[in-house]
Amino acid sequence: SIPYRMDFAARVAVENGRLRVPASLESRAYMLYGLNGRVLRSGQLRNNMALPREPSVLRVKGFGDVYLK
């Protein structure tokens with residue numbers, strides 16, 4: 001079985017420096033990594049949360065990873 005959902009990346013967007021996620025992903029455990037692998041943030045995912053200005057990778061537990069510019 002595939003551990004991550006295939007449609008995950010298509011449902012996540014960045015608008016004006018804020019993360020846009022569907023309601024079904026809110027309150028899920030997440031980690032935000034810099035491109036050097038350093039953890040920038042972690043906690044419970046919220047819609048419309050501010051993102052760092054540097055490119056990063058969002059990992060949502062049970063869903064997968066997505067590159068954020």
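How do β3 and β5 pair, and over how many bridges? The two strands run antiparallel and are joined over five bridges. This is a predicted model, and that pairing is a good place to enter it.

Start with one rung of the β3–β5 ladder. Glycine 34 has serine 56 as its bridge partner in β5. Serine 56 belongs to strand β5, which covers residues 56-60. Its relative accessible area is 1%, and buried means under 20%, so serine 56 counts as buried. Its contacts beyond four places in sequence are Leu32, Tyr33, Leu35, Leu40, Val66, Tyr67 and Leu68.

Now step to the other partner of β3. Strand β4 spans residues 39-44, and β3 pairs with β4 in the antiparallel sense. Five bridges hold this pairing too. One pair to look for is tyrosine 30, which stands opposite glycine 43 in β4. β3 and β4 make a hairpin, with four residues between the strands. Glycine 37 sits in that turn and has a positive phi of about 90 degrees.

Put the strands together. Four of them form an open sheet, in the order β4-β3-β5-β6, with antiparallel pairing. Which strands stand at the edges? They are β4 and β6. Each has a single partner strand, so one side of each lacks a neighbour in the sheet. From one strand to the next, the twist averages 15 degrees.

Next comes the nonpolar core. The largest one has 15 residues. Val12, Leu19, Leu45, Leu58 and Leu68 touch the most other members. The strands β3, β5 and β6 (64-68) each supply at least two residues of this core. Take leucine 58 as a guide. Leaving out residues up to four places away in sequence, leucine 58 touches Val12, Leu19, Tyr30, Met31, Leu32, Leu45, Gly64, Asp65, Val66 and Leu68. Val12, Leu19, Leu45 and Leu68 are among the contacts of leucine 58, and these four are also named with Leu58 as touching the most other core members.

Asp65, one of the residues touched by leucine 58, leads on to the charged pairs. How many salt bridges does the structure hold? There are two. In one, aspartate 65 joins arginine 59, and the closest N and O atoms are 2.8 Å apart. Aspartate 65 has a relative accessible area of 37%, so it is partly exposed. Arginine 59 is at 35% and is therefore partly exposed as well. The other salt bridge links glutamate 15 with arginine 20, with 3.8 Å between the closest N and O atoms. Glutamate 15 is partly exposed, because its relative accessible area is 45%. Arginine 20 has 33%, which makes it partly exposed.

Finish with another serine. Is serine 27 buried or exposed? At 56% relative accessibility, serine 27 counts as exposed, because the cut-off is over 50%. It lies in the loop between β2 (18-20) and β3 (29-34). Beyond its neighbours within four places in sequence, serine 27 contacts Gln44 and Leu45. Leu45 is one of the core residues that touch the most other members. Glutamate 54 is 27 residues from serine 27 in sequence, and their C-alpha atoms are 23 Å apart in space. Set the two serines side by side: serine 56 is buried at 1%, whereas serine 27 is exposed at 56%.

Methods. Residues numbered from 1 in each chain as written. Predicted model: local features only at pLDDT ≥ 70, side-chain atom pairs only at ≥ 80, totals over all residues. Heavy atoms only, no water. Buried < 20%, exposed > 50% of the residue type's maximum accessible area, 1.4 Å probe, protein only. Contact = heavy atoms within 4.5 Å. Salt bridge = Lys/Arg side-chain N within 4 Å of Asp/Glu carboxyl O. Core = buried A, V, L, I, M, F, W, Y, C linked by side-chain atoms within 4.5 Å. Pairing = 2+ DSSP bridges. Axes fitted to C-alpha atoms, helices over the stretch in contact; angles between N-to-C directions.
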